[in-house]
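Let us walk through this structure step by step, beginning with the inside and ending at the surface.

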Amino acid sequence: MNQNLTKLGQQLLQIWKQLGVSQRISLSLATLIVLAGLGGLILWSSRVDQGLLYGQLSDSEASKVIAALTDAKIPYTVGRGGGSIYVASDKVYPTRMQLAGKGIPRGDGVGFEIFDKSNFGISDFIQRANYMRALQGELARTISQLDSIESARVMIVQPENRLLMDKDKHSTASVFVRVRGNSPLPPSAVNSIRFLVANSVEGLKANYVTVIDNQGNPLSENSEEDSLSGVTTSQLDARRNLELYLAKKAEGMLDKVLGPGQAIVRVAAEINFDTSSRIEEKFDPDSQVIRSQTKNDENMDTVTADGGGPGAVGLSANMPAESNATQQATSPRNSSKNKKTLGTTEYEVGRTTSNSFQAAGGLKRLSAAVTVAARMEGTGTARKPAPRTPEELEKLQRVVQNAIGIDTLRGDQVILEELPFNEQIAMDFTQRLERQEREEFWWKVGKTVLYPGVALLILMIILRQLKRTSASDLSMGIPIYYGNGYGNGNGHSNGNGNGNGHSNGNGNGNGNGNGHRQEPANPEWPDDSHVVTVEVLNQLIRENPNNMTQAIRSWLTRGAPPPK
């Protein structure tokens, strides 16, 4: 291997010595161009893909990020305008986490780091103003973390603390967001922003948070409970959410049966938003119930004596008690007995009391429209729809009815139709994506493998051609050999005039072409081979123009096919 390389180097050195000045310059320029192109292709193919680390940074934040990257010895590239910083694609997320650990970047505005430094002697007003600044800055940073939002600013207004509170004054907030791209901010993101701000400020309700995008579009609506627009919005949201929920349930079941994207379900719901309360009380006189019962028994015994009674007067009445008792025992008596029973019974009349309350949200009626994609048979131009049987359609309809809770007694209905879907748009989109993926794949392959391979192949071909080219085949170098002549003169010859060497003299050739030749007139020519310069070539042409013309013609037609 070393001998071959040595031999190749000697041959290249010999060829280089036989070249003229112009040829050496041309070959050097061509070699430099090839090497420069090869180096450019290698550098371009080995270039590291860069990803966006941070974008839309202010000058102060960009300088902090660049200083942190410089300290960490992480290569970076600053984009146009200085607000974008790029690093290697595989280092984007690790670098972000590393910078986040250092609190870089902090974003626009001031956060709670304003209280990191202790400030003595500041007034209560300044302290409250700093707190509002910090709260606004922290909310703006939090909102900016949403994927669809590029940046945000928050302004909070709170009423002054007074001894007498005014119920008409309340806290308010406004949020300005810059949305990424031209896509509108979804309502779910807007509600999230409003509730985030409302729950972060004391005494602030979500209804008093206004959200505006960078194009001047108000993204929040008035949803006060006591306003007509607020009630209407709440009702429409409730109806839309119910319809979407029922439609997703039905489509989920049909996707399992027919396949993804083979059925479309739309549900219309009529909801009763009326609220009613009813209290009913009924009395039934026929259903009496004893409430209380009272019974009193009275016995009365009466004894009277003749001649002496309560109203007697005279001697007996005025006598002492002993004598009076003796008298009563001896005198005749009259006795009587009375018995009396009293009863009281109270009855309760039967009473029925009912209290019913009907809240808003009851379903009045449901209706669903279901479109099922027709089955297709065949491929290409022979593809045609194959209708389903009525039994299959009826089964699919029952599936939808049970999924969304259809009640025929309530008047609900489901309409199911089988129609062919327009799949051309989806097929074109799929083909376009596949073509783009293939192009990106081959572009990456060509960038990493093909271009360096082609450059190496071209270099190998050039080296191989240089190795195969002899010194006599070069355009500006004609080697001259002195020795047994190559009879190209005007001498007489009975045989072939081709010998072992070239002869530019005139001699008498024999049958083998080995004849006498006339030595050149220039005594400075050496005996071994050398390269003919421009002066020597001019002298050869002057001495023997015919031989030089034939030699040039032979050299130009070398390698050409023989004439027919």
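In this predicted model, the largest nonpolar core has 24 residues, and those with the most contacts inside it are Ile143, Ile156, Val175, Val177, Ile193 and Val197. Two or more residues of this core come from each of the elements α5 (124-144), β4 (149-157), β5 (172-179), α6 (187-198) and β6 (209-213). Apart from this core lies another one, of 19 residues, which includes Val267, Leu366, Val370 and Leu416. As a general background, nonpolar side chains in soluble globular proteins tend to be buried together.

Which residues does isoleucine 143 touch, if those up to four places away in sequence are not counted? Its partners are Ile149, Ala152, Val154, Val175, Val177, Ile193, Leu196 and Val197.

We now turn to the surface. A nonpolar patch of about 520 Å² is made there by Trp443, Leu450, Tyr451, Val454, Ile458 and Ile462. Of these residues, tyrosine 451 is found in helix α10, which spans residues 424-468, and tyrosine 451 counts as partly exposed because its relative accessibility is 30%, a value between the limits of 20% and 50%.

Finally, there is the matter of aromatic rings, where a pair is described by the distance of the centres and the angle of the planes. The structure holds one aromatic pair, formed by phenylalanine 441 and tryptophan 442, with 5.3 Å from centre to centre. The planes of these two rings are 70° apart, and the pair is edge-to-face, because an angle over 60 degrees counts as such. Phenylalanine 441 is partly exposed, with a relative accessible area of 48%, whereas tryptophan 442, at 58%, is exposed.

Conventions
Residues are numbered from 1 along each chain as its sequence is written. This is a predicted model: local features need pLDDT of at least 70, side-chain atom pairs count only at pLDDT 80 or more; totals for chains, interfaces and linings use all residues. Side-chain values use heavy atoms; hydrogens and water are left out. Rings of Phe, Tyr and Trp (its six-membered ring) pair if their centres lie within 6.5 Å; planes under 30 degrees apart count as stacked, over 60 as edge-to-face and the rest as tilted. Buried means under 20% relative accessible area, exposed over 50%, partly exposed in between (1.4 Å probe, protein chains only). Patches are made of residues with over 30% relative accessible area and no salt bridge: like charges are joined within 9 Å, nonpolar side chains (Val, Leu, Ile, Met, Phe, Trp, Tyr) within 5 Å. Accessible areas come from the Shrake-Rupley method with a 1.4 Å probe; for residues, only the protein chains shown count as cover. A salt bridge is a side-chain nitrogen of Lys or Arg within 4 Å of a carboxyl oxygen of Asp or Glu. Helices (H or I, at least four residues) and strands (E, at least two) are DSSP runs, numbered from the N terminus. A nonpolar core is a set of buried Ala, Val, Leu, Ile, Met, Phe, Trp, Tyr and Cys residues joined through side-chain atoms within 4.5 Å. Contact means heavy atoms within 4.5 Å.
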